[in-house]
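Trainee: Could you take me closely through one position in this protein, and then place that position in the setting of the whole chain?

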Amino acid sequence: MQKRITLFCAFLLASVLAYGQGLTIKGTVKDAKGETLPGVSVMVKDNNTGVATDVNGAFTITATANSTLTFSFIGFATQELAVAGRTEINVVLAENNKTLSEVIVVGYGTQRKGDITGAVSVIGKKDLDQRPNTQLGNLIEGKTAGVQVVSPSGSPSASLSIKIRGTNTITGGSNPLYVIDGVPTQDTRSLNPADIESISILKDASSAAIYGAQGSNGVVLITTKRGTTAKPKVDFSAYAGVSSVRKKLDVLNADQYRALATELGYSTDWSQYTANTDWQDEIYRTGASQNYQLAISGKNEGTTYYVSGGWTQQKGVIESSLMQRANFKVNLDQKVNDWFTVGTNLAYTRYNDVSVTDNANVNGGGVVLGALTTPPNIGIFNANGQYTSNPFQQWENPLASLYGSTRPYTNQRLLGNVYAEIKFTPNLKFRSSLGIDYTNAVTDYFLDPYLTSYGRQNNGIARNETNLTNYWTSDNTLTYTQKIGKHNFSVLGGFVAQKFRYENTYIQTTGFSGNTIPTTNAGSVIGSAYNNKSERFNNSVIGRVNYDYAGKYLFTANFRADASSVFGTNTRWGYFPSFSAGWRLSEESFLKDVTAINDLKLRAGFGIVGNDQLSGSVYSYLGQVSSGANYIIGGNVIPGTYPSTIQNKNLKWEQTQQTNIGIDLTVLNNRLTFSADAYIKDTKDLLLAYPVPRSTGYDIVSKNVGKLRNKGLEFMVSSRNIVGKDFTWSTDFNISFNRNNVLDLVGQQFFYNTIAGRSEVSLVKENEPLGVFYGYVYAGVDPQNGNALYLNNKGEKTNAPTADDRRIIGNPNPDFIYGLTNTFSYKNFSLNVFLQGSQGNDLFNASRIETEGMTGPQNQSTAVLNRWTTPGQITDIPKASVNNTDNSRISTRFVENGSYLRVKTATLSYNFPQAIANKLKLGSIRVYATGENLFTITKYSGYDPEVNAFTTGNAAVTNGGFGIDYGTYPQTRNLIFGLNASF
């Protein structure tokens, strides 16, 4: 018995000793898809010893039989497993931070989001599906820091302008480069938002330098949808909505207008004018919108496809304004075999609109100012069926501008590419693509020869203008990727060739015998006609290197060399490098045990990009000639040409250098993410008109002079506040601060935007932000004579200031812009509320010059009821003074606070239970109601604070003069009801 006890004790002791001694444990770590994971940290818990998996995901570690192993890897949930005496342990890690593991599109390739070292923002499907949209800019507005969407008006045909980290140019194009499925473009108005899968915004030069001379204003990469399921999937969406103006402005009624006109010295037989027409009621209506989209997609062993078609219509809140778009899209990828893949992305769009004239006064055909300044005492039509006019002028009522002419615009566009990809080895692939963007746009105009006075004066007017744009790009890239232990790198190199060709024809005729045939051939007199063609070429060499060590130390370098035919022969090539690095501190040993931190990364980058968007001729560097000269030879007048510009072989692109530093932080089990960026952008070699001595025979030459700077801070926060079984609440917030400053204009200053015959209101000047307001300081009304008072440069009040008394009176650039989105979900219900705002920007309400100036027989706003009428009266509204603009000069009187906070969208949706969807033979059903611009907090007195009268057309005016309201088509309040279904 004693012997048995002794043997048992010995066995037990041996077991204990064995259990405490080291075991050699081997295994493999894979992800949920069965792919091995290199670089996974394998640690012995409560011990400092550990290893990392090799390139095949394998590991070997020594631990005691009772130890616990901890497996951790960025983007995956940490897992702990007891050894329990085992010598082989195989692990499958589940993805944890899907955001970091998400693969996003970057220039000429893709990259894991967690490895990005530049300033790149991504707007994914979740954000894109939250609201119905008709334009790309609506998808971006307020959704990411550093991006400002500038809306020129509320017209259905208005094209939104996007500014990324401020404006980098004065006379060049300031819109970012858009790349749709690899095809660069500048026009997104015809793009169908329903086809978009994701949007990547390259904000800094380190990420945009791969686009070289086209990347100065940032790059927006748009990826459209593709098939994702083996079973064919059909998606149908439809919505219908109504819209209205946010408010009306108060103007004088018929009796009040008659009293003002009499005071100004106008007299007539008022018994002929007994109407009391509300012209705002006549031009505004309840707008309507409708949209229908159908898509079929799928993916089998070798083929991925996505086919969609749709139709959209918007009837604006101003009579006759209209936008229609029909779209068709095909994305097809065919894997021929293991090493060869071909595919295509093609989109055809037919776009139509009817625009109305805004940003003009009544005598310029402006509809909005026409409604505010047309006397209410007249009706719409005279007895002979012609449109009525002001009793004291030949300025017709605003309906003449809306219905006295037809103004259709049609744009047909084919955009897309075809590609082939060859995998020479698993690590080496070659891709070649050919992209096209073919656009044919036709603008027609016909002014009835009977209905309007201007039409009768010319016996009708017809115009036809055709613009044909033909662009192609050829991209050829070679990509090599490799993993060696913990070292991961990829190298890309390639060549890009691009060609643009523009053709334009225009003809105007007058002298129509009737209105039956509205085309130019029916006119008997050719007023003007011209035709021009131009083309440009770009050739480029591109390269990129990505490197990371164990996902901890990250490095990216980009390079592009561009040659463009639009610049001088001495400076035709430009070179655009960039470098960026990242350090993931959360992978360092000193933060490994900080469980609250899921990811912490520091980023820094520097790069150089260019701007080749010339506002003038693509032959600006050449000495050009113009027609119109007459030469007398032998007593005969011979038409000829004359030199019009000076040659400049050194003309080149504007160049922007940008430095960016940033931090990305994810904490609290991935429920809270935070990103911050700081940047400085310096743009030099601005393309400006530089004065030259008159002895040369010229006044100016196009030259690279001048500098400006943008610097700023950006912050983004995303939080999953409540994550419950039935109820969830998440919040996304972003805020951006940008400061713009003109550093050098070689002593020049530029004025833009003359308002109502007064003076220019916008100024570009050294050591000031772009587009500041310039004018007089308003000092009230002289109680004795009723004239306006202004401060001179000595600070004294005067009725007669000089031009030297003008100064900077406002700044249209905001202190900051922001967006806040809250999403609440309860079972099958969801509520998404998006707030968007701008703070600290001034607006120049030029409409008030027309409605408070009291210089002629136009109707005025009710503000003039407080005008000065008797000596000694104290008021801030000067007296009425016919044909005298001294009392309504460009001044601080018309500068207003343009800050606002608005409920941009609010969407309430309901997803039908799967049981109901199944009964209807559907995969899913969602219904929703969306309100847009529901509520706005602002001190601005005009129709709407989101207004920019002069942000289309001439680039210098667009960049140097914004934040002006001059009878601009107002933003609208919209209510939309929609349905999404799939099967």
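Mentor: What follows begins with a single asparagine and then widens to the whole protein. This is a predicted model, in which local features need pLDDT of at least 70 and side-chain atom pairs count only at pLDDT 80 or more, while totals for chains, interfaces and linings use all residues. Residues are numbered from 1 along each chain as its sequence is written, and side-chain values use heavy atoms, with hydrogens and water left out.

N361 sits in the loop that runs between β21 (340-354) and α8 (367-373), where helices (H or I, at least four residues) and strands (E, at least two) are DSSP runs numbered from the N terminus. Because its relative accessibility is 17%, N361 counts as buried, a term that means under 20% relative accessible area with a 1.4 Å probe and protein chains only. If its neighbours within four places in sequence are set aside, N361 is in contact (heavy atoms within 4.5 Å) with G366, L369, E850 and Y966.

Turning to the whole, the protein has 14 helices and 54 strands, and buried residues account for 52% of its 983 residues. Of the contacts between residues at least 6 apart in sequence, 69% join residues at least 24 apart. The C-alpha trace spans about 135 × 70 × 65 Å along the principal axes of the protein.

Definitions and conventions:
Buried means under 20% relative accessible area, exposed over 50%, partly exposed in between (1.4 Å probe, protein chains only).
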